[in-house]
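Dear colleague,

Please find the structure below, handed over for your study. I would be grateful if you kept it open while reading the notes that follow it.

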Amino acid sequence: MEKYVWYFHEGSKDDRMLLGGKGANLAEMTRLGLPVPPGFTITTSACLRYLEEGEAFLDTLKEELEEKLKKLEQDMGKKFGSVQDPLLVSVRSGAAVSMPGMMDTVLNLGLNDNTVEGLEKATGSRWFALDCYRRLIQMYAEVVMGVASFLFSQELERIKEQYDAEADNQLTPAALEELIHYFKKIVVQETKEEFPQDPQKQLLKAIIAVLNSWNNRRAVVYRDAHAIPHDLGTAVNIQAMVFGNRGEKSGTGVLFTRDPSTGEKKLYGEFLMNAQGEDVVAGIRTPLPLDQMKEELPKIYNEIEEFAQRLEKHYKDIQDVEFTIEEGRLFILKTRNGERTAAAAIKIAVDLVEEGVLTKDEAILRVPPSELEKILHKQVELGKGYEVLARGLPASPGAASGKAVFNPDLAEKLAKKGERVILIALETTPDDIHGMIAAQGLLTTRGGMTSHAAVVARGMGKPAVCGCEALRIDTDKGQFSAGNHTIKNGEYITINGSTGEVIKGDSEMKEPELTDTTEKLLKWADERRKLKIRANADNGEDAQKARDFGAEGIGLCRTEHMFMGKDRMHLVRQLILGETEREQEAALENLLPLQQNDFREILQVMEGLPVTVRLLDPPLHEFLPDLLELQEEILRLEKIEDVELAQEKRELFRKTRNMSESNPMLGLRGCRLGIIMPSLYEMQVKALFRAGTELAAQGKDVIIEVMIPLVSEAEELAFLQPRLEKAIEEEFAQQGTSLEYQIGTMIELPRACVTADDIAQHADFFSFGTNDLTQTTYGFSRDDAEGKFLHYYLEKKILADNPFISLDKKGTGRLVKIAVEEGRKTRKGLKIGICGEHGGDPGSIEFCHNNGLDYVSCSPYRVPVARLAAAAASIRE
Ligand code: PEP
Ligand code: MG
């Protein structure tokens, strides 16, 4: 028969799935001989059975519970429910994955009108016995009977006032007796039931409440937000009470073995004398910094320090420890790996290597690459004492500030005028997408980490705070309130999508930088990784950023943006809409020097490193005028009888309509345009090599790779490649010099993947464009999917992840594997990379490593993430 109740010494830290994190660590500390009050743990699998079978299952547990309780009584030399010196216990939740504060706890169980007298007799303190009793009634009523907590705190305040006590520990026994009387009355008023006097009933009901708290709303939302499975269940820890409220020589506190926000090595904590655990968190009295204990209780402080260090060495990580002092004796009640900021996580991992606790490999694996990403987003430079209005879920990292706006149309309008706005909504819908695109960041009051706003924001790389329930939005008035603040339409706010904070006022933004510590960790990662890391950049500034972050080349220089500026758009239109060769040639001639400048800048920054330039791949509609706007313009011109201009616009309308596509994502894109209009690609390579030879002449090391986009058929390459080579050779001849170069292709269509053996005959390298490959594998257009239905798919778990963010290994990944295999069949050792957005996603990077790619290319800010992820993949392999 399965054992459902474990005495502490029976388990160890490796049993966390079964005993929960808290239970496993209590077991481990018991084994280590630390002063842990004895107790036992009901397993998570008992919880799951209880949740399935209901209270009937508790009969199965009964015998084991009685047996363990008896042992506890023997160990403590006290009896539960006895009127002489009674044993009191705590009942605490504790899941396998830490969910701080989300589930329930009841302390001081076992007290009633009779045993409280026994406690007084045994300890000689009436005050102490009554203090425990009033705490039990309140906590039990809240957790087990569902009474609102403010009713008790109100009553406590009233009695404190009546008895002229500044703090709860100054209440006299008489005051406490009165408090208990009123607490019991509250229980009856609110539940029509008496506070139970039977200790066995108290214990059982507390266990049931803690088991049920696995599914309370808070806990469910938290699990959703942190992608914690809902089928783990919680363990329940039943432990002998030790008392921090036993008098002035007693107390309670929490500590971190290092500073959880900076990682600095220094005990960092707080304590309260004559108090019980929850007082520290509840903020009833202000706790004192742990440093102060050094002077006041040096012996205890030294003991705490020694245990803390032992625990840290043992767990090889920062520990978050809870302790209680009872009449000068120290007890450890909890330890767990401490929650920390991204910056602290990195510093701690590096320091632990230098202290000889971790190996470099362990340190690399210790820092999740996603943590590194947090410190590489733009960050708000917050002045001292900034005001946090509310906290929501950190749904999409980074920070942004702007004017509060409650309407997507207005957001769009203001953004067009160059204003920064934060779009605020109960929850966004696909209809709001224009406002979301226009906004610097998003703030919603409903919905979790997979809500529409969260998914879209992450997809767009915009900061978002979601599910911020503390905000009250009044859309009609255009304002929100949080606590006693009201923020009206147009007032500045800041959101921090990495922490979930909503902050009053505007903030300066600062560019992220790598600290020395981070550099150190990344250097270790570089020694371990096999994948090269390149960046996607299409201007000098981004290329420089990428290089600063450690990029080893440019894996994708998109040339579309170079055609978009004001000075260029009319030339591009002239090219696309031009009906004579002369018209087109003139446009190309004018574009060439502009392109040459663009390329020079990037090649210069990336000196000595390869730069992959992709020839134009435009969604054509982005270059064409808007037909509706044109139509309106024509009507206006006809009205004012500007015959000539109206005629010109009608002509433009006709040409534009001819070029319009019913599905631009599948239209005249990529190499198709290059094939129809070979002179365009010829111009691009001429501009590129003119810039290249010019720099080479100055003694610069220039490494150019030309990349052809959206190829589906080997013959497309066979058509283009010789023409490009000819244009390049002509350019060399004209300059009287030459450079080495390669011409390769993007692999971003399913047909290209399955015919990669043919394609490799004409390509010096492959680079997977997994954005398009995902679109065409699923038949989703990304904008439509993310704007309209993907969030629903994620919510309903039809898709586990957004395939545009983490590579779909089963489908898209399968095609990638086929292409690698087929490509290298034709060309042994063919160089292969990836330059879709997945190139910066840790999970996808691991896939690339495991499937023999040579490099990943990602946005400059993700280069460090990729360096770390590539090393982790290599170590794990
Ligand atoms: C891709 O499709 O993955 C790619 C890199 O090209 P783009 O995103 O420019 O279409
Ligand atoms: Mg593409």
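The notes below describe the metal site and then the surroundings of ligand 1. Please keep in mind that this is a predicted model.

The metal site

Which residues are the protein donors of the magnesium ion (ligand 2)? They are E748, through OE, and D772, through OD, and they lie 2.0 to 2.1 Å from the ion. E748 sits in the loop between β30 (741-747) and α28 (750-754), while D772 belongs to helix α30 (residues 770-778), so the pair ties together parts that are 24 residues apart in sequence. Are these two residues buried or exposed? Both E748 and D772 are buried.

The surroundings of ligand 1

The two donors of the magnesium ion, E748 and D772, are also among the residues around ligand 1. Others in that shell include L556, R558, R614, R669 and M746. By class, the shell has five charged, four polar and three nonpolar residues. Helix α30 gives the most to it, with three residues, and β27 (554-558) supplies at least two.

Several polar atoms lie beside oxygen atoms of ligand 1. R614 places a polar side-chain atom 2.9 Å from one such oxygen. From D772, a polar backbone atom is 2.9 Å from an oxygen of the ligand, and for G769 a backbone N or O atom lies 3.3 Å from an oxygen of the ligand. Taken alone, ligand 1 exposes 290 Å², and the protein buries 88% of that.

Yours sincerely

Technical notes:
Residues are numbered from 1 along each chain as its sequence is written. Chains are lettered from A and ligands numbered from 1 in the order in which they are written. This is a predicted model: local features need pLDDT of at least 70, side-chain atom pairs count only at pLDDT 80 or more; totals for chains, interfaces and linings use all residues. Side-chain values use heavy atoms; hydrogens and water are left out. Donors are N, O and S atoms within 2.8 Å of the metal (3.2 Å for Na, K and Ca); water is not among the atoms, so sites may look incomplete. Helices (H or I, at least four residues) and strands (E, at least two) are DSSP runs, numbered from the N terminus. Buried means under 20% relative accessible area, exposed over 50%, partly exposed in between (1.4 Å probe, protein chains only). A residue is near a molecule or strand if one of its heavy atoms lies within 4 Å of it. A polar contact is a pair of N or O atoms within 3.5 Å; within protein, one must be able to donate a hydrogen and the other to accept it, and residues adjacent in sequence count only if both atoms are side-chain atoms. Accessible areas come from the Shrake-Rupley method with a 1.4 Å probe; for residues, only the protein chains shown count as cover. Ala, Val, Leu, Ile, Met, Phe, Trp, Tyr, Cys and Pro count as nonpolar, Asp, Glu, Lys and Arg as charged, and the others, Gly among them, as polar.
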